[in-house]
Amino acid sequence: MTGVRTDTARGRWARVRGRLRRFGPDTLAARVALVTVAVAVVAVLVTGLVSVGLVRQAAQVQARAALAREANVARQIVDVDRPRNVAKTIRALRDEGQNIRVALVRPNGTVRGDPLARRAVAARRDAVGSGRDLSYRVRLDDRIVYVEVRGLATGGALVLAQPEANAARLVASVVRRTLFAAVIGLAVAVLAGLLFAWRLAAPLKRASAAAQLLGSGRRDVRVQPEGPAEVAEVADSLNALGDALARSEGRQREFLLSVSHELRTPLTAIKGFAEALADGVASQDPAARRAGGTITAEADRLGRLVDDLLDLARLGADDFRIEPAPVDLVALLRHAAAVWSVRCEAVGVRFAAELPDRPLQVVTDAARMRQVVDGLAENALRVTPAGQPIVFAARAEGGRAVVEVRDGGPGLTEDDLAVAFDRSVLYERYRGVRRVGTGVGLALVHGLVTRLGGTAAAGHAPEGGARFTVWLPLAS
């Protein structure tokens with residue numbers, strides 16, 4: 001049970017890693033999300049800076065207006081019963097917790113009350129002594145103090161002073177609320193950006209997967225147009241490309257089939273006359289007989305090319321039949337080894353078969369699989385010099401059957417391995433350098449293996465030459 005839970009956890013973590021890769025630093029989704037987040041951050045910062053200034057200004061106006069209201073109320077109280085209510089008013093203002101300082105200017109010019117209020121009066125003494133109502137600001141001890149002066153009915157004036165610290169506290173409170181709202185807005189913007197990036201990137205990822213399938217040879221792949229208009233156009237273009245490729249390859253296939261069929265008739269006639277020359281039926285001249293043998297060999301080679309072209313053209317056609325059935329690959333390779341060991345011995349090439357004692361059961365077309373093995377063996381025998389080995393090998397590996405054909409020939413370079421199954425690439429690269437075939441044999445092998453549901457790859461053999469490997473799913 002622990003192993004099952006561990007496998008489940010690993011599977012979940014693998015799915016999480018797969019989702020996170022969609023937002024890698026180089027992906028479109030990551031860049032769209034980054035731009036969205038950057039725009040949201042800039043918008044929040046600009047809004048915050050503007051809001052702080054406006055809030056500060058509004059707080060100052062509000063604080064001065066509140067102080068002015070307090071001054072008006074205090075004057076009314078003092079004017080009604082001055083001797084008894086001045087002390088009461090001062091205590092009430094202090095008890096409100098607004099840090100309001102009070103001073104009283106007597107008609108004779110003397111000032112009594114809080115020291116801060118008295119200093120505020122001293123800063124504008126001429127104006128305060130006029131008996132008029134005043135509102136002003138004054139800087140005392142590196143801080144701003146708001147001052148409200150109210151003339152009294154009996155003469156003199158009532159002075160209320162309030163440090164700006166109260167307004168600053170109001171500003172701080174508003175700024176905190178603004179920042180909280182900005183953080184919430186930023187979080188929403190980030191989530192919206194990620195969601196938008198994912199919705200934008202998802203159809204592009206599907207289009208990319210479809211393009212890879214088209215590149216691998218699939219022509220039935222279609223993409224559902226979705227997302228923004230530009231992304232939907234990509235899907236439409238891929239669908240149009242798939243249709244165009246299918247039509248183009250269909251015309252190419254029809255041309256190859258037509259040409260291949262048309263070549264069979266003259267080839268049959270050429271080969272018949274060549275065999276007559278080689279057998280001495282048409283002429284007893286030794287030179288004519290040698291020429292007949294050469295023509296026969298070249299006619300056989302051209303016939304193999306025509307057969308390869310026919311099979312290659314039919315690979316993508318509906319009439320290319322695959323008849324899957326249970327097949328023992330070990331038995332199939334033993335039969336093939338019996339034939340190829342004789343052919344190798346005839347040219348001095350050593351042959352070996354590394355086959356397991358147990359069967360390797362797969363579901364495939366036995367005739368097509370034998371065609372694959374013969375094609376790889378033909379390719380190996382062509383380039384393997386006398387005294388060097390050709391090896392057939394088979395084994396089970398990770399739920400798949402593995403078939404290898406290895407040789408001791410000149411081998412392939414790293415660049416060759418990447419294009420080994422491309423039609424005529426190795427033929428053009430090594431023509432005149434080593435013995436080459438028709439140029440389509442390995443391409444035919446790759447197409448057959450793909451149609452059989454397997455995969456093929458080229459590599460380096462321990463014998464010093466090339467190794468061609470075919471993987472097929474084991475039968476359950």
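**Figure 1. Ser424 in the predicted model, a partly exposed loop residue with a positive phi.** In this predicted model, Ser424 has a relative accessibility of 24% and therefore counts as partly exposed, the range for that class lying between 20% and 50%. The residue is found in the loop that runs between α11 (414-418) and α12 (425-430). Its phi is near 70°, which is a positive value in a residue other than glycine. Most residues other than glycine have a negative phi.

**Figure 2. The salt bridge between Asp416 and Arg429.** The closest N and O atoms of Asp416 and Arg429 are 2.4 Å apart. Asp416 belongs to helix α11 and Arg429 to helix α12, so that the pair ties together parts that are 13 residues apart in sequence. The two partners can be viewed together with their accessibilities: Asp416 is buried, with a relative accessible area of 0%, whereas Arg429, at 37% relative accessibility, counts as partly exposed.

**Figure 3. The open sheet with the strand order β2-β1-β5-β4-β3.** Five strands make up this open sheet, and their pairing is antiparallel. The edges are held by β2 (111-113) and β3 (134-140), each of which has a single partner strand, so one side of each is left without a neighbour in the sheet. On average, and with direction ignored, neighbouring strands of this sheet are turned by 25° against each other. Helix α4 (residues 115-123) lies across β1 (101-105), β2, β3, β4 and β5 (157-163), and runs at about 105° to β3.

**Figure 4. The edge strand β3 and its pairing with β4.** Strand β3 pairs with β4 (residues 143-151) in the antiparallel sense over seven bridges; among the facing residues, Val138 stands opposite Val145 in β4, and Arg137 stands opposite Tyr146 in β4. The side chains along β3 alternate, in that Leu134, Tyr136, Val138 and Leu140 point to one face and are buried, while Ser135, Arg137 and Arg139 point to the other face and are not buried. In the hairpin of β3 and β4, two residues lie between the strands, and Asp141 takes a positive phi near 55°. Within β4, the side chains of Glu148 and Arg150 meet in a salt bridge with an N to O distance of 3.0 Å, and both Glu148 and Arg150 are buried.

**Figure 5. The salt bridge between Arg75 and Asp133.** A search of the whole structure finds 16 salt bridges, one of which is formed by the side chains of Arg75 and Asp133 at 2.9 Å, N to O. Arg75 lies in helix α2, and Asp133 in the loop between α5 (125-128) and β3, so the pair ties together parts that are 58 residues apart in sequence. Asp133 counts as partly exposed, its relative accessibility being 41%.

**Figure 6. A nonpolar surface patch that includes Val42 of helix α2.** The patch is formed by Val42, Val46, Val50 and Leu54, which together have about 350 Å² of accessible area. Val42 lies in helix α2 (residues 28-80) and is partly exposed, with a relative accessible area of 49%.

**Figure 7. The open sheet with the strand order β7-β9-β10-β12-β11.** This open sheet also has five strands, and its pairing is mixed. At its edges stand β7 (350-354) and β11 (455-460), each with a single partner strand, so one side of each is left without a neighbour in the sheet. Neighbouring strands of this sheet are turned by 15° against each other on average, direction ignored. The pairing of β11 with β12 (residues 466-473) is antiparallel and extends over six bridges, and Ala457 stands opposite Thr469 in β12. Helix α9 (residues 329-346) lies across β7, β9 (389-397), β10 (400-407) and β12, and runs at about 175° to β9.

**Figure 8. Helix α13 and the glycine just after the helix.** In helix α13 (residues 441-451), the buried residues include Leu442, Ala443, Leu444, Val445, Gly447, Leu448 and Val449. Just after α13, Gly453 takes a positive phi of about 85°.

Technical notes:
Residues numbered from 1 in each chain as written. Predicted model: local features only at pLDDT ≥ 70, side-chain atom pairs only at ≥ 80, totals over all residues. Heavy atoms only, no water. Pairing = 2+ DSSP bridges. Helix = DSSP H or I, 4+ residues; strand = E, 2+ residues; numbered from the N terminus. Axes fitted to C-alpha atoms, helices over the stretch in contact; angles between N-to-C directions. Contact = heavy atoms within 4.5 Å. Buried < 20%, exposed > 50% of the residue type's maximum accessible area, 1.4 Å probe, protein only. Patch = residues over 30% accessible without salt bridge, like charges linked within 9 Å, V, L, I, M, F, W, Y side chains within 5 Å. Areas by Shrake-Rupley, 256 points an atom, 1.4 Å probe, with all protein chains shown as cover. Salt bridge = Lys/Arg side-chain N within 4 Å of Asp/Glu carboxyl O.
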